[in-house]
Amino acid sequence: MKAFQLLSHGDPGTFALQDVPELAPGPGEAVVKVRACGLNHLDVWLEQGALPMPVTLPRTPGSEVAGEVLAVGDGGEAVRVGDRVVIQSNLFCGECEFCQVGEESQCLKGRLLGVDCDGGLAEVVKVPVGALVPLPAALDFEAGAALTLAASTAMHMLTNRTQVREGDWVLVIGAASGVGSAAIQIAKGHGARVLTTGTTLAKREFGLSLGAEFAVDPADPAWPSQVRRHTGKHGVDLVVEHVGGRVLEQVFACLARNGTVVTCGATAGRHPGFDLWPFFVKQQRLIGSYGRNREDLRRTLEWAEQGRLRPVIDTVFPLAEAAEAFARLRRGEMRGKLLVKP
Ligand SMILES: [Zn+2]
């Protein structure tokens, strides 16, 4: 079978479409025919060798997978051959104290699909059966792949790590990103008033089209005060932040008293500094978020099935042109998800 593999780290790294051995499921595993696989910033870090964990090469990237079950190993009777599924990319053990209470995102033996094991930029992928979630009939494979990681990350941030409430002011960073485009819709769906950011006019207008009522340019040094002014100086109650770096420092300038920043990703920097004095005086919170639980992913697909959350897809590439998809990802030009279809 064909797999698009990273052979050596770099910026850009060296990739090749290779013939690799066919996959057979072990006990508790399933082999899934990949019908669509999304790319995200994790893939760039993998490419650059910039992840804080060892990676064995060659490695097949790809953590946002939708497909059909091809074969199931012993003990994997929860799914059947032919089932339409998406894959929860933060693979979990199912046995530790966190998995036992449905907090798979905290798994003590968590592994990342496409980093710790081969991912979905291939004709076939092998995962534990527990990582499979049924794809509702109303959603096609492209929608499933576009939602499985980015949108479920947003669902986890807004409904598990924090609880967005009706009437909240919510600032969503990066309207055109996978997490941002989903977070706007999820916050809006809970009755929040949403503000967002975008580095171009097109991205800001896109955020407004998804339901945000105000969009600012993060390159404008005055953007935090623009946010404060729009909220009548109250500030935002909740910030959905997935960039880190300087942006994470700046969001505190528009955060309300008793407000919460929930953060993941840190694509623009993992070592921000911020002033603790106003932070504790205003009794604010900074909450980390990682991956998603099975329940977050199930609810994400349910929202999409009900038409309350639409996947945002930028471009779909065939597997043979996965290198082109990576080039577009590096340039950061996309609006929504980049997908690859084997
Ligand atoms: Zn576990």
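**Exercises on backbone geometry and a zinc site**

Alanine 266 lies in the loop between strand 14 (255-263) and helix 8 (276-281). The model examined here is predicted.

**Exercise 1.** Determine the sign of phi at alanine 266 and at lysine 233, and locate lysine 233.

*Solution.* Step one: most residues other than glycine have a negative phi. Step two: alanine 266, although not a glycine, has a positive phi of about 55°. Step three: lysine 233 also has a positive phi, of about 70°. Step four: lysine 233 is found in the loop between helix 6 (223-230) and strand 13 (236-241). Step five: exposed means over 50% relative accessible area; lysine 233 therefore counts as exposed, at 68% relative accessibility.

**Exercise 2.** Identify the residues that a cis peptide bond joins to proline 12 and to proline 58, and place each proline in the fold.

*Solution.* Step one: most peptide bonds are trans. Step two: aspartate 11 is joined to proline 12 by a cis bond with omega of about 5°; this proline sits in the loop between strand 1 (2-8) and strand 2 (14-19). Step three: leucine 57 is joined to proline 58 by a cis bond with omega of about 0°, in the loop between helix 1 (41-48) and strand 4 (64-72).

**Exercise 3.** Which arrangement do the 4 donor atoms form around the zinc ion?

*Solution.* Step one: the ion is coordinated by the SG atoms of Cys93, Cys96, Cys99 and Cys107, at 2.3 to 2.4 Å. Step two: along the chain, these donors follow the spacing C-x2-C-x2-C-x7-C. Step three: the donor atoms subtend angles of 103 to 117°, so the arrangement is tetrahedral. Step four: cysteine 99 and cysteine 107 are buried.

Key
Residues numbered from 1 in each chain as written. Predicted model: local features only at pLDDT ≥ 70, side-chain atom pairs only at ≥ 80, totals over all residues. Heavy atoms only, no water. Helix = DSSP H or I, 4+ residues; strand = E, 2+ residues; numbered from the N terminus. Buried < 20%, exposed > 50% of the residue type's maximum accessible area, 1.4 Å probe, protein only. Donors = N, O, S within 2.8 Å, 3.2 Å for Na, K, Ca; no water. Tetrahedral: all angles 85-135°; square planar, octahedral: opposite > 155°, others 65-115°.
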